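Visitor: Could you take me on a close look at one part of this model, a place where two helices pack, and then show me what lies around it?

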Amino acid sequence: LHDKMHLDTEALLMFASRREHLAQVIEPAVARGDWVLSDRFTDASFAYQSGGSGLAWERISQLESWVHQDLQPDLTLFFDVSSSVGKARTNAAREADRFEKEGQAFFDRVRAGYLRRAREHPARIKIIDAAQPLEAVRMDVERVLMTNFFS
């Protein structure tokens, strides 16, 4: 997260790490019937490596097919805010890594990547307006969870 590298290398490392995490953590948990909650998955690669950095969308699709074939999250929540609000929140939370040090245009492209992915997978990816007050965000998350898992 701190060293500059070739974009192909970055994508391959992300997917190599994801493949190992799938083999060691996610697949055994799913086999046991456990729920798995993750803060990022392949949608982040579409957003960051393709949308933000410009790697071909199709290349990420190929890696996705190779690394986890038909295994997809049942539900993905995309907490959507403007890139300026997101950057301000991240800067306040921790020391910035090399992604977080990118400029506003990069984060505009990342957000556009997430939104494109959401348009491509509307049944799985639910957009939460994270610019709302925290209580409204919580209520939206609860509504989506109830609708998707408990109705």
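Guide: Happy to; here is a walk through one helix pair, a residue beside it and the cores. Please keep in mind that this is a predicted model.

Let's start with helix 2 (residues 42-52) and helix 5 (residues 104-120), whose axes come within 8 Å and cross at roughly 135°. Helix 2 is therefore oblique to helix 5, and their crossing is right-handed. On the helix 2 side, the contact is made by Thr42, Asp43, Ala44, Phe46, Ala47, Tyr48, Gly51 and Gly52. Helix 5 meets them with Phe106, Phe107, Arg109, Val110, Gly113, Tyr114 and Arg117. By character, the residues of this contact divide into eight nonpolar, four polar and three charged.

Now look at Glu64, which sits in helix 3 (residues 57-68). Glu64 counts as buried because its relative accessibility is 9%, with the cut-off for buried set at under 20%. Leaving aside neighbours within four places in sequence, Glu64 is in contact with Thr42, Phe46 and Arg117, and also with Phe15, Gln69 and Gln72.

Phe15 and Phe46 lead us on to the largest nonpolar core, which has 11 residues. Besides those two, its members are Ala11, Leu22, Ile26, Phe41, Leu55, Trp57, Ile60, Leu63 and Val67. Helix 1 (7-32) and helix 3 each supply at least two residues of this core. Within it, Leu63 touches Ala11 and Phe15, and Leu63 also touches Leu12, not counting residues up to four places away in sequence. A second, separate core has 10 residues, including Ala44, Ala47, Phe78 and Tyr114. That brings us back to the helix pair, since Ala44, Ala47 and Tyr114 are among the residues where helix 2 and helix 5 meet.

Terms used: Residues are numbered from 1 along each chain as its sequence is written. This is a predicted model: local features need pLDDT of at least 70, side-chain atom pairs count only at pLDDT 80 or more; totals for chains, interfaces and linings use all residues. Side-chain values use heavy atoms; hydrogens and water are left out. Axes are lines fitted to C-alpha atoms, for helices over the stretch in contact, and angles run from 0 to 180 degrees between N-to-C directions. Helices (H or I, at least four residues) and strands (E, at least two) are DSSP runs, numbered from the N terminus. Angles under 35 degrees count as roughly parallel, over 145 as roughly antiparallel, 65 to 115 as roughly perpendicular and the rest as oblique. A crossing is left-handed if the near helix is turned anticlockwise from the far one by less than a right angle, and right-handed if clockwise. Contact means heavy atoms within 4.5 Å. Ala, Val, Leu, Ile, Met, Phe, Trp, Tyr, Cys and Pro count as nonpolar, Asp, Glu, Lys and Arg as charged, and the others, Gly among them, as polar. Buried means under 20% relative accessible area, exposed over 50%, partly exposed in between (1.4 Å probe, protein chains only). A nonpolar core is a set of buried Ala, Val, Leu, Ile, Met, Phe, Trp, Tyr and Cys residues joined through side-chain atoms within 4.5 Å.
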